[in-house]
Amino acid sequence: MVLKGTIYVSNSLAVMKATPGQYQSVLLQGNPTSGTLIIGEIIVSALKLGGNAGITMQLDPTATLHIRQVALVK
């Protein structure tokens, strides 16, 4: 299986505050010759692999995050 993009599984802020023990999970299962290629990322509280599942992620090594920040240095 090939997935392209971001898998984002999360509760709403209200649910997280009301029941902090409740979380979302993603389960990937497979047989000995199966694998999942993800071109992107997985954002989840719990990631579970079942069987002999495997994940290969292709992340962009040139990706940068530009942050404008002002700080005082003493």
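Here is a walk through this structure, from the whole chain down to a few single residues. Keep in mind that the model is predicted.

Let's start with the overall layout. The chain has 1 helix and 5 strands, and if you follow the sequence from its start, these elements come in the pattern β-α-β-β-β-β. How spread out is the chain? Its radius of gyration is 17 Å, while the globule rule gives 11 Å for 74 residues, so the chain is more spread out than a compact globule. The C-alpha atoms fill a box of roughly 55 × 40 × 20 Å along the principal axes. Of the 74 residues, 14% count as buried. The accessible surface comes to about 6200 Å², and carbon and sulfur atoms account for 57% of that. As for contacts between residues at least 6 apart in sequence, 33% of them join residues at least 24 apart.

Now have a look at the sheet. It is an open one, made of 3 strands in the order 1-3-5, and the pairing is parallel. Which strands stand at the edges? Those are strand 1 (2-9) and strand 5 (55-57); each has a single partner strand, so one side of each is left without a neighbour in the sheet. On average, neighbouring strands of this sheet are turned by 45° against each other, direction ignored. You can follow one of the pairings in more detail: strand 1 and strand 3 (residues 36-44) run in the parallel sense and are joined over 8 bridges. Within this part of the sheet, valine 2 stands opposite leucine 37 of strand 3.

After strand 1 comes a loop that leads to helix 1, and serine 10 sits in that loop. Is serine 10 buried, exposed or partly exposed? Its relative accessibility is 36%, so it counts as partly exposed. Apart from its neighbours within four places in sequence, serine 10 is in contact with Met16 and Gln24. Glycine 35 is 25 residues away from serine 10 in sequence, and their C-alpha atoms lie 24 Å apart in space.

Next is helix 1, which covers residues 13-18 and includes alanine 18. Alanine 18 counts as exposed because its relative accessibility is 61%, where the cut-off for exposed is over 50%. Between the C-alpha atoms of alanine 18 and isoleucine 38 there are 32 Å, with 20 residues separating the two along the chain.

Past the helix you reach another loop, this time between helix 1 and strand 2 (25-30), and here you'll find glutamine 22. Glutamine 22 has 40% relative accessibility and therefore counts as partly exposed. Leaving out neighbours within four places in sequence, glutamine 22 is in contact with Asn11 and Val15. Its C-alpha atom is separated by 9.6 Å from that of serine 45, which is 23 residues away along the chain.

The last stop is strand 4 (residues 46-51), home of lysine 48. Which residues does lysine 48 touch, not counting those up to four places away in sequence? They are Ser25, Val26, Leu27 and Leu28. One of these, leucine 27, is 21 residues from lysine 48 along the chain, and the two C-alpha atoms are separated by 4.7 Å. With a relative accessibility of 41%, lysine 48 counts as partly exposed.

Technical notes:
Residues are numbered from 1 along each chain as its sequence is written. This is a predicted model: local features need pLDDT of at least 70, side-chain atom pairs count only at pLDDT 80 or more; totals for chains, interfaces and linings use all residues. Side-chain values use heavy atoms; hydrogens and water are left out. Helices (H or I, at least four residues) and strands (E, at least two) are DSSP runs, numbered from the N terminus. Buried means under 20% relative accessible area, exposed over 50%, partly exposed in between (1.4 Å probe, protein chains only). Two strands pair if DSSP finds at least two bridges between them. Axes are lines fitted to C-alpha atoms, for helices over the stretch in contact, and angles run from 0 to 180 degrees between N-to-C directions. The radius of gyration is taken over C-alpha atoms; the globule rule is 2.2 Å times the number of residues to the power 0.38. Contact means heavy atoms within 4.5 Å. Accessible areas come from the Shrake-Rupley method with a 1.4 Å probe; for residues, only the protein chains shown count as cover.
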